[in-house]
Amino acid sequence: MSRIDDLPPLRAVIAEHQLSARKSLGQNFLLDLNLTAKIARQAGDLSACDVLEIGPGPGGLTRGLLSEGARKILAVEKDARCMPALEQIAAAYPGQLEIINGDALEVDPLAHLNPPIRIAANLPYNIGTELLVRWLTPNDWPPFWQSLTLMFQREVAERIVAQPGSKAYGRLAILAQWRCEARIVMSLPPEAFTPPPKVSSAVVLLTALTEPRFPADAETLSKLVAAAFNQRRKMLRAALKGFAPDIEDHLIAAGLKPTDRAEQIPLEGFCALARSIKA
Ligand code: SAM
């Protein structure tokens, strides 16, 4: 399946188009095409899938996804300087790469892609969490995507896969694990990027489950965990006092102790509490 493309090396592309990295756009580029192909492989067999890529930059991961056989890619990049480099890739893979010069927060991918759809990205750190939360919190499930293969700062990746009782456990873990299988599939040191960021990174693979693990209303659960972890050191009866007037009754109805703290409560407990409050 994999074939090396005939395009110039990424360092030459960056030099030709003068793509000096901009911190304000979260630009830390991956220039090793073996590495980008390895990241693309974490997304599984893409030959029958359309792929949404956010922030392709000079196109390292885009080339990895195409060389791994992606049926079609929609690449959304805010930085207009990257367009010529991306158009060169599109010309090498006719009909397989659509490029939008725009803000990923404002693009409707369903106007451009056909299911099944997978999302793969080395996300800009400044909008990474916001995009993830959007993808994880539609009211209807399953979502428009089958899986997310996403590069994050290591610390964010650990929050996504965290278990109860750990410092990293919080809203992201609950939203991710409620309706997805979530695991870290690769770790990358700062030197893998140009320029190197201050911290290590990791690729998280989130695969949408067909059904949530436990029943709950998405909006209630999302607001509930936001409130509970906003004051994570407080007992739940205090942290959630403003959330529902009779919160102690709901905690007991959900099988929880009012004196418990949010970081001790497993996913199942939050879902039971969301059901009681919604009812
Ligand atoms: N995918 C490339 C790679 O792996 O080398 C670049 C990754 S870099 C971490 C993040 C990319 O997201 C940059 O190219 C940046 O310009 C782009 N970006 C930043 N904010 C964006 C936004 N709101 N919408 C779309 N792209 C954005």
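This short presentation describes the pocket, the ligand, the cavity and some backbone features of one structure. Please keep in mind throughout that the model is predicted.

I begin with empty space. Rolling a probe the size of a water molecule over the atoms shows where such space is left. In the largest pocket of this model there is about 870 Å³ of it. Which residues lie nearest the centre of that pocket? They are Gly 26, Gln 27, Asn 28, Pro 124 and Tyr 125, and they belong to a lining of 43 residues.

Several elements contribute to this lining. Helix H5, residues 125-136, supplies at least two of its residues, and so much can also be said of helix H3, residues 60-67. Among the strands, at least two residues each come from S1 (29-30), S2 (50-54), S3 (72-77) and S6 (147-153). The greatest contribution is that of H5, which gives 5 residues. In terms of chemical class, the lining of the largest pocket has 22 nonpolar residues, 14 polar ones and 7 charged ones.

I turn now to the ligand. Where is the ligand placed? The space it takes is the largest pocket, the one I have just described. Around the ligand there are 21 residues, and the closest of them are Leu 30, Gly 55, Glu 77, Ala 104 and Asn 122. Strands S1 and S3 each provide at least two residues of this shell. Sorted by class, the shell holds 9 nonpolar, 7 polar and 5 charged residues.

Three contacts of the ligand deserve to be pointed out individually. With Asp 103, the contact runs from a nitrogen atom of the ligand to an N or O atom in the side chain, at 2.9 Å. With Pro 56, a polar backbone atom is 3.3 Å from a nitrogen atom of the ligand. With Gly 57, a polar backbone atom is 3.5 Å from an oxygen atom of the ligand. How much of the ligand does the protein bury? The ligand taken alone exposes 600 Å², and 98% of that is buried by the protein.

Next comes the cavity. The count of cavities of 30 Å³ or more comes to 1. The largest cavity contains about 30 Å³ of space. Its lining consists of Leu 7, Pro 8, Val 13, Pro 58, Arg 63, Ala 85, Gln 88 and Ile 89. Which helix gives the most to that lining? It is H4, residues 83-92, with 3 residues. By class, the lining of the largest cavity divides into 6 nonpolar residues, 1 polar and 1 charged.

Finally, I come to the backbone. Most residues other than glycine have a negative phi, and most peptide bonds are trans. Three places in this model may be set against that background. The peptide bond from Pro 115 to Pro 116 is cis, with omega near -5 degrees; Pro 116 is found in the loop between strand S4 (97-101) and strand S5 (117-122). The peptide bond from Trp 141 to Pro 142 is also cis, with omega near 0 degrees, and Pro 142 has its place in the loop between H5 and S6. Gln 18 is not a glycine, yet its phi is positive, at about 50 degrees. This residue, Gln 18, lies in the loop between helix H1 (10-16) and S1.

To close, I would return to the ligand: it takes the space of the largest pocket, and the protein buries 98% of the area that the ligand exposes when taken alone. Thank you for your attention.

How values were computed
Residues are numbered from 1 along each chain as its sequence is written. This is a predicted model: local features need pLDDT of at least 70, side-chain atom pairs count only at pLDDT 80 or more; totals for chains, interfaces and linings use all residues. Side-chain values use heavy atoms; hydrogens and water are left out. On a 1 Å grid over the protein atoms alone, a cavity is a set of points where a 1.4 Å probe fits but cannot get out, and a pocket is an open set with protein on both sides within 12 Å along at least five of seven lines; lining residues have an atom within 4 Å of a point. Grid points are joined across faces, edges and corners, and a volume is the space filled by probe spheres set on the points. Helices (H or I, at least four residues) and strands (E, at least two) are DSSP runs, numbered from the N terminus. Ala, Val, Leu, Ile, Met, Phe, Trp, Tyr, Cys and Pro count as nonpolar, Asp, Glu, Lys and Arg as charged, and the others, Gly among them, as polar. A residue is near a molecule or strand if one of its heavy atoms lies within 4 Å of it. A polar contact is a pair of N or O atoms within 3.5 Å; within protein, one must be able to donate a hydrogen and the other to accept it, and residues adjacent in sequence count only if both atoms are side-chain atoms. Accessible areas come from the Shrake-Rupley method with a 1.4 Å probe; for residues, only the protein chains shown count as cover. A molecule sits in a cavity or pocket if more than half of its atoms lie within 2 Å of its grid points.
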